[in-house]
Amino acid sequence: MDNDLKRTIILEHFQNPKNKGLINDDSYKFINMNNESCIDEVNLMVKFDGDKIADIRFDGEACAICTSSTSIMIETLIGKTKEEAKNILNNFLKMIDEEEYDADILEQAIVYNDIHRQPNRKKCALLSWRGIERILEELDK
Ligand code: ZN
């Protein structure tokens with residue numbers, strides 16, 4: 001994917017983030033995530049339908065990278081099973097950490113495949129993904 005297309009996708013998700021705005025529904029799992037190295041503070045809410053992620057919503061104050069990454073994550077993970085989501089999360093983390101990863105399953109999230117060149121932005125890209133990872137871990141307890 002070339003850099004212009006990456007920028008276009010990131011900008012589009014920043015300007016029109018998917019599922020922004022929380023709803024009042026306590027069937028969702030809720031988590032608050034903060035990135036102290038940036039302005040980012042994101043609230044995430046996730047609804048499961050059996051083994052599947054039925055919905056994810058968010059709100060908060062966040063920079064362009066964090067907002068777009070959250071929106072892309074939401075689009076990527078809705079409809080996936082917990083196992084599929086864990087696999088995608090795991091590969092996203094590997095990509096950000098410059099380890100070998102499976103690009104095919106990351107869908108649009110590969111737009112961050114060179115974010116490691118801006119080390120101070122890695123946490124921005126990762127924040128919401130860490131939140132979903134934590135919710136999935138909680139479910140296993
Ligand atoms: Zn940020």
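Guide: Two strands pair if DSSP finds at least two bridges between them. Keep that in mind while we go through this predicted model.

Visitor: OK, what makes E1 and E2 a pair?

Guide: Six bridges join strand E1 (residues 29-34) to strand E2 (residues 41-49), in the antiparallel sense. The bar is at least two bridges, so they count as paired. One example is Ile31, whose bridge partner in E2 is Leu44. The link from E1 to E2 is a hairpin of six residues.

Visitor: And how do you know that E2 pairs with E3?

Guide: Same reasoning. Strand E3 (residues 52-61) runs antiparallel to E2, and nine bridges join them; at least two are needed, so this is a pair. Asn43 stands opposite Asp59 in E3, for instance. Here the hairpin has two residues between the strands, and Gly50 in the turn has a positive phi of about 60°.

Visitor: On to the rings. How many aromatic pairs are there, and why is the pair of Phe92 and Tyr112 given its label?

Guide: There are two aromatic pairs. For Phe92 and Tyr112, the ring centres are 6.3 Å apart, within the 6.5 Å limit, and the planes meet at 85°, which is over 60, so the pair is edge-to-face. Phe92 sits in helix H3 (residues 82-96) and Tyr112 in the loop between H3 and helix H4 (119-140), so the pair ties together parts 20 residues apart in sequence.

Visitor: What about Phe92 and Trp129: why is that pair called what it is?

Guide: Those ring centres are 3.7 Å apart and the planes are at 10°, under 30 degrees, so the pair is stacked. This one links distant parts of the chain, with Phe92 in helix H3 and Trp129 in helix H4, 37 residues apart. Ring pairs thus link Phe92, Tyr112 and Trp129 into a cluster.

Visitor: Are these rings buried or exposed, and how do you know?

Guide: Buried means under 20% relative accessible area. Phe92 has 0%, so Phe92 is buried. Tyr112 has 1%, so Tyr112 counts as buried too. Trp129 is at 0%, so the label is buried again.

Visitor: What makes Lys82 a charge over the ring of Phe48?

Guide: Lys82 lies over the face of Phe48, at 5.5 Å from the ring centre. The distance limit is 6 Å, so 5.5 Å fits.

Visitor: Now the metal. What makes Cys38 and the others donors to the zinc ion?

Guide: The cut-off here is 2.8 Å. Cys38 (SG), Asp40 (OD), Asp40 (OD), Cys63 (SG) and Cys124 (SG) coordinate the zinc ion at 2.2 to 2.7 Å, so they count as donors. Their spacing in sequence is C-x1-D-x22-C-x60-C. Cys38 is in the loop between E1 and E2 while Cys124 is in helix H4, so that pair ties together parts 86 residues apart in sequence.

Visitor: Why do Cys38 and Cys124 get the accessibility labels they do?

Guide: Cys38 has 26% relative accessibility, between 20% and 50%, so Cys38 counts as partly exposed. Cys124 has 1%, under 20%, so Cys124 counts as buried.

Visitor: Last one: why is Asn19 called buried, and what does its side chain reach?

Guide: Asn19, in the loop between helix H1 (3-15) and E1, has a relative accessible area of 19%; the cut-off is under 20%, so Asn19 is buried. Its side chain reaches the backbone oxygen of Ile56 at 2.9 Å, and since the limit is 3.5 Å, this is a polar contact. Leaving aside neighbours within four places in sequence, Asn19 is in contact with residues including Asp55, Phe58 and Ile74.

Conventions
Residues are numbered from 1 along each chain as its sequence is written. This is a predicted model: local features need pLDDT of at least 70, side-chain atom pairs count only at pLDDT 80 or more; totals for chains, interfaces and linings use all residues. Side-chain values use heavy atoms; hydrogens and water are left out. Helices (H or I, at least four residues) and strands (E, at least two) are DSSP runs, numbered from the N terminus. Rings of Phe, Tyr and Trp (its six-membered ring) pair if their centres lie within 6.5 Å; planes under 30 degrees apart count as stacked, over 60 as edge-to-face and the rest as tilted. Buried means under 20% relative accessible area, exposed over 50%, partly exposed in between (1.4 Å probe, protein chains only). A charge sits over a ring if NZ of Lys or CZ of Arg is within 6 Å of the ring centre and within 35 degrees of the ring normal. Donors are N, O and S atoms within 2.8 Å of the metal (3.2 Å for Na, K and Ca); water is not among the atoms, so sites may look incomplete. A polar contact is a pair of N or O atoms within 3.5 Å; within protein, one must be able to donate a hydrogen and the other to accept it, and residues adjacent in sequence count only if both atoms are side-chain atoms. Contact means heavy atoms within 4.5 Å.
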